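Open the model in your viewer and get comfortable. We will take it one selection at a time.

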Amino acid sequence: MARHFVIVGAGECGARAAMALREQGFDGDVTLVGGETHLPYERPPLSKHGMLAEVFAAKTIATAERLAEANVGFRGGVQVAAIDRGGKRLLTADGTALPYDKLLLATGASPRRLPGVEGERIFYLRTLEDAQRLRGELLPGRRLAIVGGGFIGLELAASARARGAEVTLIEALPRLLSRAVPEAIAAQIQARHELAGVKLVFGDGIAGVTSDANSATVALNSGRRVEADLVLVGIGAVPNISLAAEAELEIDNGIAVDRHLATSDADIFAAGDCCSFPLKIYGGRRVRLESWRNAQDQGSLAACNMLGANEAISTVPWFWSDQYELGLQIAGLSDEGASIVRRDLGNGASILFHISADGRLVAASGIGVGNAVAKDIRLAEMLIAKQARPMQASLADADVKLKSLLAA
Amino acid sequence: MVEWIEACGADDVDEEDVIRFDHAGKVFAIYRSPDDRYYATDGLCTHEQISLADGLVMDDIIECPKHNGRFNYKTGEAKGAPVCVNLRTYAVKLENGAVFIEV
Ligand SMILES: Cc1cc2nc3c(=O)[nH]c(=O)nc-3n(C[C@H](O)[C@H](O)[C@H](O)COP(=O)(O)OP(=O)(O)OC[C@H]3O[C@@H](n4cnc5c(N)ncnc54)[C@H](O)[C@@H]3O)c2cc1C
Ligand code: FES
């Protein structure tokens, strides 16, 4: 039995994997190496209530006590520079070697940069430091320009409005969240942002951003200019693959893993935002997810498989977002759908079921106040996992309990 | 001081479901199990303070509506990440078609 398991990346996925190794009874050494100096913390609050709380505090995933209790060797602030696969060891940026028997890469993702756009007034949001810096800027009357109408940009727009900042959000495509949610939900989200006073610009690309120490100007392709005190760029994230790529592991829109999360080297696993993997329920389609629950689930699964369990990925993608009082939840991959069936839950809450050409429920997107859609999205997720073909009339009828369809 | 409080009518909760009950500034969750017994726990998730009554009950488990943290509602036990702190449970009795909890 291998004795020293090393995990690179102490985010949601890496931290979960370390704890899961112990929960599974592994009694060898576990080292969790994190490039950030902090204890593992949750990212989702950084754009949401973390921005609003009176006192900014990181939500820790695993406290020092819990890590110590589980006998996990946490090495924070240590960047891994290279994997020496032949010698089965890692080389850290400060030049030390760390041997491993099995290795998990949970290196996550980094914000996609806007080429050539740099400066003090340009912000990205991924880490605690990013959030702290931004938070200090979001003051009443401050002008924030957000590039990108994705989840990070929209959540931050909501938080910035709550803090009294003026927000202009620029989206290159004709509507918000084009790839993520159906048009009806995007329209509901857009209306809510407009109500909050966010100025939205659609269908206009960025020609350039100029900035000095105090302000920035975003020039758009149309010739329009947006003057701001600061610019947040939220145009997606790219997987952190350089370690794996330099070690010549297979890369395919992320570190390529098989259905057991193994890379092209059987002793090296990858999980979470950094990897792409095949999803059985969609015919083995390879995807990469940037989702909190996926990071957790894959962390646990990677731990089991590092211990030889040989279990396949079986989860349904799931994602949530909070903006203002609205809660959005998505289960499954909506782009697998050919048609949509709508269920109204009352009070403005609704669920859109995505049905494939052959009648299978492949995804469900829901939006409503608070957690109004949670229960039904969870049940939809189970139906999706079962590859069910529920009657469309039943899906549309809010009086038919989804639980009853599950039993069918 | 321990006291019995009327939380709801027995029929207010569906089988294998949960409702919220507020009392004296505290939130409780009242459950009815698939085998038709009643249970009560603290009503807010121990991860973030989210009302569990919007969550899904399956067998002995209540799943938090926000991030799917799972608890056994009969024992209050947290079943793993992201929840690691158990829920407090409360004794329950049925009287004259009403559900009472001991707080
Ligand atoms: C602001 C924000 C809001 C979000 N909101 C939601 C949401 O509402 N819902 C949702 O489902 N998801 C949300 N997400 C996404 C979710 O947080 C991620 O999917 C999750 O954090 C991925 O976990 P991970 O462990 O794979 O990667 P990360 O959390 O990115 O962790 C990877 C870690 O690895 C470290 N690392 C990388 N390379 C090295 C190296 N060479 N050596 C040492 N360490 C290294 C990094 O420093 C990082 O700490 C949000 C993300 C952000 C940024
Ligand atoms: S609030 Fe319940 S799991 Fe997060």
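A residue is near a molecule here if one of its heavy atoms lies within 4 Å of it. Keep in mind as you look around that this is a predicted model.

**Stop one: the ligand.** Select ligand 1 and show what lies around it. You should find 32 residues surrounding it, with A:E36, A:R43, A:K48, A:R126 and A:D273 as the closest. Now color that shell by class: 14 residues are nonpolar, 10 are polar and eight are charged.

**Stop two: backbone neighbors.** Turn on backbone atoms. At A:G35, a polar backbone atom is 2.9 Å from a nitrogen atom of ligand 1. Move on to A:W292, where a polar backbone atom is 3.0 Å from an oxygen atom of the ligand. Then pick A:E12, whose backbone has a polar atom 3.2 Å from an oxygen atom of ligand 1. How much of the ligand's accessible area does the protein cover? On its own, ligand 1 has 1,000 Å² of accessible area, and the protein covers 94% of that.

**Stop three: elements and domains.** In chain A, select α1 (12–23), α5 (151–162), α8 (292–306) and β22 (318–323); these are the elements that give two or more residues to the shell around the ligand. Next, color domain 1 (4–110 + 237–306) and domain 2 (113–233) of chain A separately. Both give residues to the shell, so ligand 1 lies between them.

**Stop four: chain B.** Select residues 5–101 of chain B, which an unreviewed UniProt entry annotates as "domain: Rieske". Over this stretch the chain is 0% helix and 44% strand. Finish by picking its end C-alpha atoms, which are 5 Å apart.

Methods
Residues numbered from 1 in each chain as written. Chains lettered and ligands numbered in written order. Predicted model: local features only at pLDDT ≥ 70, side-chain atom pairs only at ≥ 80, totals over all residues. Heavy atoms only, no water. Polar contact = N/O pair within 3.5 Å; in protein donor to acceptor, adjacent residues only side chain to side chain. Areas by Shrake-Rupley, 256 points an atom, 1.4 Å probe, with all protein chains shown as cover. Helix = DSSP H or I, 4+ residues; strand = E, 2+ residues; numbered from the N terminus. Nonpolar A, V, L, I, M, F, W, Y, C, P; charged D, E, K, R; others polar. Domains from an automatic or database assignment. UniProt positions renumbered as here; feature names shortened; annotations may be inferred.
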